[in-house]
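Morning, everyone. I have one model to walk through today. Please have the sequence and the coordinates open.

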Amino acid sequence: MDTLDTLRTRKKAATRQSLHEAALRLAMEHGLDGVTVEDIADAVGVSRRTFSNYFANKEDAILHADRERTGLLVSLVEGRPPGEKPWQALRAACRELYRAHPVPDREWVAQLRLLRRHPSLLARQAGDQFALERDLIAVLLARGHGLDQELARLTAATFLATLRTGNVLWLEGPEEQPLPELVDRLLGRVQLR
């Protein structure tokens with residue numbers, strides 16, 4: 001029975017990933033408004049109902065990989081050694097995340113950023129960022145180290161702002177340094193306990 005459940009789980013994950021990739025590819029080719037849920041389902045060879053079993057709408061399908069990465073980041077922070085200070089735990093988790101998920105090329109990321117400026121994606125992205133910040137605050141508070149709510153919030157917000165700054169510098173500047181190294185360097189410049 002475990003083998004059957006494992007096979008089912010892998011098949012569901014593969015279908016979810018295929019729908020995400022199709023949604024992203026079609027939206028980048030035709031613009032978000034030029035793509036329907038039916039187009040995405042057809043591209044993968046599944047029904048509209050199957051699509052709805054995985055995602056509420058095309059925006060959720062497009063943002064799936066981001067949500068997976070943020071969930072992994074939170075898990076990596078949770079799994080850091082208990083004695084590690086909060087900022088060091090965040091920084092080390094970020095390094096692990098980049099090792100686990102290599103950074104795509106700049107052109108692809110730049111196209112993706114343009115796509116994500118679409119109004120229907122912006123609201124969802126903002127909600128996802130608030131959720132990530134909330135989850136990181138909870139993990140930091142659970143880790144202890146004398147952090148109160150205010151300092152945990154400041155630490156999580158500063159961490160996320162540093163990640164965003166690194167991404168922008170890497171994408172928009174002549175920065176030759178690989179993104180993971182640039183982000184780590186920026187995280188190293190922040191003085192938090």
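**An all-helix chain**

Start with the inventory: the protein chain has 10 helices and zero strands. Keep in mind that this is a predicted model. Read along the sequence, the pattern is α-α-α-α-α-α-α-α-α-α.

Now the overall dimensions. The C-alpha trace spans about 50 × 50 × 25 Å along its principal axes. The chain has 193 residues, and 37% of them count as buried. Its exposed surface is about 11,000 Å², with 53% of that supplied by carbon and sulfur atoms. What about contacts along the sequence? Take those between residues at least 6 apart: 65% of them join residues at least 24 apart.

Next, helix packing. Two packed helices are described by the angle between their axes and the distance between the axes. I have two pairs to show.

First pair: helix 6 and helix 10. Helix 6 covers residues 86–100, and helix 10 covers residues 179–189. Their axes lie 10 Å apart, at an angle of about 175°. Angles over 145 degrees count as roughly antiparallel, so helix 6 is roughly antiparallel to helix 10. Which residues make the contact? From helix 6, they are Trp87, Arg91, Cys94, Arg95 and Tyr98. From helix 10, they are Leu179, Pro180, Val183, Asp184, Leu187 and Gly188. By class, that contact has seven nonpolar, one polar and three charged residues.

Stay on Trp87 for a moment. Trp87 sits in helix 6. Is it buried or exposed? Trp87 has a relative accessible area of 3%. The cut-off for buried is under 20%, so Trp87 is buried. Then compare its position with Leu121: the two are 34 residues apart in sequence, and their C-alpha atoms are 30 Å apart in space.

Leu121 brings us to helix 8, where it is one of the buried residues. Helix 8 runs over residues 119–143, 25 residues in total. From first C-alpha to last it reaches 36 Å, close to the 36 Å expected at 1.5 Å a residue. Also buried in helix 8 are Gln125, Leu132, Glu133, Leu136, Ile137, Val139, Leu140 and Arg143. Note that Glu133 and Arg143 are on that list.

Second pair: helix 5, residues 64–78, against helix 8. Their axes come within 10 Å and cross at roughly 10°. Helix 5 and helix 8 are therefore roughly parallel to each other. Helix 5 contributes Arg67, Thr70, Val74, Val77 and Glu78 to the contact. Helix 8 contributes Arg124, Asp128, Leu132, Asp135, Leu136, Val139 and Arg143. By class, this contact has five nonpolar, one polar and six charged residues.

Now look at what follows helix 8. Gly144, just after the helix, takes a positive phi of about 85°. Next, His145. Most residues other than glycine have a negative phi. His145 is not a glycine, yet has a positive phi of about 65°. His145 lies in the loop between helix 8 and helix 9. His145 is partly exposed, with a relative accessible area of 32%.

Last stop, helix 9, residues 149–172. It has 24 residues and reaches 34 Å between its first and last C-alpha, close to the 34 Å expected at 1.5 Å a residue. Which of its residues are buried? They are Leu151, Ala152, Thr155, Ala156, Phe159, Leu160, Thr162, Leu163, Gly166, Trp170 and Leu171.

That's the tour. Over to you.

Methods: Residues are numbered from 1 along each chain as its sequence is written. This is a predicted model: local features need pLDDT of at least 70, side-chain atom pairs count only at pLDDT 80 or more; totals for chains, interfaces and linings use all residues. Side-chain values use heavy atoms; hydrogens and water are left out. Axes are lines fitted to C-alpha atoms, for helices over the stretch in contact, and angles run from 0 to 180 degrees between N-to-C directions. Helices (H or I, at least four residues) and strands (E, at least two) are DSSP runs, numbered from the N terminus. Angles under 35 degrees count as roughly parallel, over 145 as roughly antiparallel, 65 to 115 as roughly perpendicular and the rest as oblique. Contact means heavy atoms within 4.5 Å. Ala, Val, Leu, Ile, Met, Phe, Trp, Tyr, Cys and Pro count as nonpolar, Asp, Glu, Lys and Arg as charged, and the others, Gly among them, as polar. Buried means under 20% relative accessible area, exposed over 50%, partly exposed in between (1.4 Å probe, protein chains only). Accessible areas come from the Shrake-Rupley method with a 1.4 Å probe; for residues, only the protein chains shown count as cover. The expected span of a helix is 1.5 Å times one less than its number of residues.
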